[in-house]
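These exercises ask you to read a protein structure step by step. Try each task before you turn to its solution.

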Amino acid sequence: MGQKAILLHQKDDVATALTALNKGDVVSVSEGDRSVEVTLTDEIPFGHKYALRDINTGEEILKYGLSIGQALEDVKAGSWVHVHNCRSDRFGHRHQKYG
């Protein structure tokens with residue numbers, strides 16, 4: 001199988017699944033000089049994000065090199081990142097960042 005996930009910016013805290021991924025899969029992504037390999041701790045649906053590093057509660061989560069929200073709880077590397085553990089910045093007072 002080809003590439004399983006994509007890292008969109010070198011500073012990102014998450015990668016995006018290019019196919020459905022299974023718990024226990026070891027997935028590698030790279031962008032520029034950065035390369036990250038994690039073992040998934042959750043099932044990751046196609047098009048969804050997973051954490052590339054441990055992220056603490058309240059910490060900004062970066063995708064596209066920009067904050068997409070804050071962690072609602074501690075998120076371990078390899079975990080699914082979605083609405084259950086990430087409060088989105090996309091709507092509301094910070095919406096202007098996204099056009």
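Strands are DSSP runs of E with at least two residues, numbered from the N terminus. With that definition, isoleucine 44 can be placed in the loop between β4 (34–39) and β5. The model used throughout is predicted.

**Exercise 1. Overall make-up**

Task: State how many helices and strands the chain has, and what share of its residues is buried.

Solution.
- Step 1. The chain has 0 helices and 9 strands.
- Step 2. Along the sequence this gives the pattern β-β-β-β-β-β-β-β-β.
- Step 3. The chain has 99 residues, and 35% of them count as buried.
- Step 4. The exposed area is about 5,700 Å², with 50% of it supplied by carbon and sulfur atoms.
- Step 5. Among contacts with a separation of 6 or more, 42% join residues 24 or more positions apart.

**Exercise 2. An open sheet**

Task: Find the strand order of the open sheet of 4 strands, and name its edge strands.

Solution.
- Step 1. The order is β1-β2-β5-β8, and the pairing is antiparallel.
- Step 2. The edge strands are β1 and β8 (80–81), since each pairs on one side only.
- Step 3. Between β5 and β8 the antiparallel pairing runs over 2 bridges.
- Step 4. Lysine 49 has valine 81 in β8 as its bridge partner.

**Exercise 3. Two residues and their surroundings**

Task: Decide whether isoleucine 44 is buried or exposed, then do the same for lysine 4, allowing for the class in between.

Solution.
- Step 1. Buried means under 20% relative accessible area, exposed means over 50%, and partly exposed lies in between.
- Step 2. Isoleucine 44 has a relative accessible area of 1%, so the residue is buried.
- Step 3. Leaving out residues up to four places away in sequence, isoleucine 44 touches Ala17, Thr19, Ala20, Leu21, Lys49, Tyr50, Gly78, Ser79 and Trp80.
- Step 4. One of these, serine 79, is 35 residues from isoleucine 44 along the chain, while the two C-alpha atoms are separated by 8.1 Å.
- Step 5. Lysine 4 sits in the segment before β1 (5–6). Its relative accessible area is 27%, so lysine 4 is partly exposed.
- Step 6. With residues up to four places away again left out, the residues that lysine 4 touches include Thr16, Ala17, Leu18 and Val27.
- Step 7. Lysine 4 and serine 28 are 24 residues apart along the chain, and their C-alpha atoms are separated by 7.9 Å.

**Exercise 4. Salt bridges**

Task: List the side-chain pairs behind the 2 salt bridges of the structure, and state how accessible the residues are.

Solution.
- Step 1. Side chains of opposite charge can pair when their charged atoms come close.
- Step 2. Aspartate 13 and arginine 53 meet in a salt bridge, at 2.7 Å from N to O. Aspartate 13 lies in the loop between β1 and β2 (14–17) and arginine 53 in the loop between β5 (49–51) and β6 (60–63), so this pair ties together parts that are 40 residues apart in sequence.
- Step 3. Arginine 53 also meets glutamate 59 in a salt bridge, at 2.7 Å from N to O.
- Step 4. Asp13, Arg53 and Glu59 are therefore linked in a network of salt bridges.
- Step 5. Aspartate 13, at 6% relative accessibility, counts as buried. Arginine 53 is partly exposed at 28%, and glutamate 59 is partly exposed at 25%.

**Exercise 5. A surface patch**

Task: Name the residues of the nonpolar surface patch, and describe tyrosine 64 and leucine 66 within the chain.

Solution.
- Step 1. The patch is formed by Leu8, Tyr64 and Leu66, which together have about 270 Å² of accessible area.
- Step 2. Tyrosine 64 is in the loop between β6 and β7. At 48% relative accessibility, tyrosine 64 is partly exposed.
- Step 3. The phi angle of tyrosine 64 is near 65 degrees, a positive value in a residue other than glycine.
- Step 4. Leucine 66 belongs to strand β7 (residues 66–71) and is partly exposed, with a relative accessible area of 37%.

**Exercise 6. Confidence**

Task: Where does pLDDT stay under 50?

Solution.
- Step 1. The chain averages a pLDDT of 91, and 89% of the residues score at least 70.
- Step 2. The value stays under 50 over residues 95–99, for which the model has 8 contacts beyond four places in sequence.
- Step 3. Where pLDDT is low, the predicted coordinates should not be read in detail.

Terms used. Residues numbered from 1 in each chain as written. Predicted model: local features only at pLDDT ≥ 70, side-chain atom pairs only at ≥ 80, totals over all residues. Heavy atoms only, no water. Buried < 20%, exposed > 50% of the residue type's maximum accessible area, 1.4 Å probe, protein only. Contact = heavy atoms within 4.5 Å. Areas by Shrake-Rupley, 256 points an atom, 1.4 Å probe, with all protein chains shown as cover. Patch = residues over 30% accessible without salt bridge, like charges linked within 9 Å, V, L, I, M, F, W, Y side chains within 5 Å. Salt bridge = Lys/Arg side-chain N within 4 Å of Asp/Glu carboxyl O. pLDDT = per-residue confidence, 0-100. Pairing = 2+ DSSP bridges.
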